[in-house]
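Thank you all for making the time this morning. I would like to walk you through one protein chain, starting with its overall layout and then turning to a few residues in turn.

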Amino acid sequence: MTAETSQTLDRGLRVLKLLADTDHGLTVTELSHKLGVNRTVVYRLLATLEQHALVRRDLGGRARVGLGVLGLGRQVHPLVREAAMPALRALAEDIGATAHLTLVDGAEALAVAVVEPTWTDYHVAYRAGFRHPLERGAAGKAILAARRPPRPADEDAGDPGYTLTHGELEAGACGAAAPLLGVTGVEGSVGVVMLADVVPERVGERVMHAAREVAEALR
């Protein structure tokens, strides 16, 4: 810690990060050990975070992330969208297909930014706010693929780093998507959707490149 930073705020943010990383919550004792501070400090931190609905405690005393973080999360989408737009525009114009940035929202994939090409005679209409199960469509499947643990180098054949689908969300439409990698706190993918029987060969690599551009903009 430096003279310009707040130790209390730092500890509060660390509490939120620790709670966000567990599905079962943490007790005061567990938080005390992880933070390296006494239980009294943890009680005070939790009480303050509870007042802002950022933390809640269940009947067993385990602390969990509170619903107040959802309000903060809604404000993140415009920032992420703004950062992603240059790469999405370039992708849409280059491929001649509708490009999108999709983020995880619970068990669903949520399109938060969409760019349609300007020069094509026709393209798939896609809107920001569109939701679909993570198990369907290239965008969701790319995200799920990124969750799987990496395989040994000798087993990587056939895993190009992007996902292709056909007709899973709209008849006659196919999609390609690549996951966002290395962005703390953001789980999502970048992809395109087009009216075609098959995805052209170069689209997969181009989508991966766009995903890397968006990830770099968000770091």
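What follows is a short tour of this chain, from the fold as a whole down to single side-chain pairs. Please keep in mind throughout that we are looking at a predicted model.

Let me begin with the overall layout. The protein chain contains six helices and eight strands, and if you follow these elements from the N terminus on, they come in the order α-α-α-β-β-α-β-β-β-α-β-β-β-α. The C-alpha trace spans about 65 × 40 × 35 Å along its principal axes. Of the 219 residues in the chain, 38% are buried, and when we take the contacts with a separation of 6 or more, 51% of them are between residues 24 or more positions apart. As for the surface, the chain exposes about 12600 Å², with carbon and sulfur atoms supplying 54% of that area. There are 24 positive and 27 negative charges, and the mean positions of the two sets lie 10 Å apart.

Now to the interior, where I would start with helix α5, which covers residues 137-147. Which of the residues in this helix are buried? They are Gly137, Ala138, Ala139, Gly140, Ala142 and Ile143. The cover over these buried residues includes a series of strands, namely β3 (98-105), β4 (108-115), β5 (131-133), β6 (163-166), β7 (173-179) and β8 (188-195).

One of those α5 residues, Ala139, turns up again when we look at His100, since it is among the residues that His100 touches. His100 is found in strand β3, and with a relative accessible area of 4% it is buried, because the cut-off for that class is under 20%. Leaving out residues up to four places away in sequence, His100 touches Leu88, Ala113, Val114, Tyr126 and Ala139, and, from further along the chain, Ser189, Val190, Gly191, Val192 and Val193. The side chain of His100 is also joined to that of Thr102 by a polar contact of 3.2 Å.

Val193 gives us a link to the next residue, Ala92, as the C-alpha atoms of Ala92 and Val193 are 9.6 Å apart in space although the two are 101 residues apart in sequence. Ala92 lies in helix α4, residues 68-95, and is buried, with a relative accessible area of 0%. Setting aside neighbours within four places in sequence, Ala92 is in contact with Ala97, Ala99, Val115, Glu116, Pro117 and Trp119.

Let me move on to the charged side chains. How many salt bridges does the model contain by the rule used here? The count comes to 11, and I will go through some of them. Glu108 and Arg131 meet through their side chains in a salt bridge of 3.2 Å, N to O. Since Glu108 lies in strand β4 and Arg131 in strand β5, this pair ties together parts that are 23 residues apart in sequence. Both partners are partly exposed, Glu108 with a relative accessible area of 32% and Arg131 with one of 37%. Beyond single pairs, there is also a network in which salt bridges with shared partners join Asp94, Arg202 and Arg206.

Another salt bridge is formed by the side chains of Arg57 and Glu50, at 2.6 Å, N to O. Here too the partners are partly exposed, with relative accessible areas of 30% for Arg57 and 31% for Glu50. The side chains of Glu216 and Arg219 likewise meet in a salt bridge, in this case of 2.8 Å, N to O, and Arg219, at 56% relative accessibility, counts as exposed.

I would like to finish with Arg39, which is found in helix α3, residues 39-51, and counts as partly exposed at 39% relative accessibility. Not counting residues up to four places away in sequence, Arg39 touches Val28, Thr29 and Ser32. With Thr29, which is 10 residues away along the chain, the C-alpha separation is 6.5 Å, and the side chains of Arg39 and Thr29 are joined by a polar contact of 2.4 Å.

That is the end of the tour, and I am happy to go back to any of these places.

Conventions:
Residues are numbered from 1 along each chain as its sequence is written. This is a predicted model: local features need pLDDT of at least 70, side-chain atom pairs count only at pLDDT 80 or more; totals for chains, interfaces and linings use all residues. Side-chain values use heavy atoms; hydrogens and water are left out. Buried means under 20% relative accessible area, exposed over 50%, partly exposed in between (1.4 Å probe, protein chains only). Helices (H or I, at least four residues) and strands (E, at least two) are DSSP runs, numbered from the N terminus. Contact means heavy atoms within 4.5 Å. Accessible areas come from the Shrake-Rupley method with a 1.4 Å probe; for residues, only the protein chains shown count as cover. Lys and Arg count as positive and Asp and Glu as negative; His and the chain ends are not counted. The place of a charge is taken as NZ of Lys, CZ of Arg, CG of Asp or CD of Glu. A polar contact is a pair of N or O atoms within 3.5 Å; within protein, one must be able to donate a hydrogen and the other to accept it, and residues adjacent in sequence count only if both atoms are side-chain atoms. A salt bridge is a side-chain nitrogen of Lys or Arg within 4 Å of a carboxyl oxygen of Asp or Glu.
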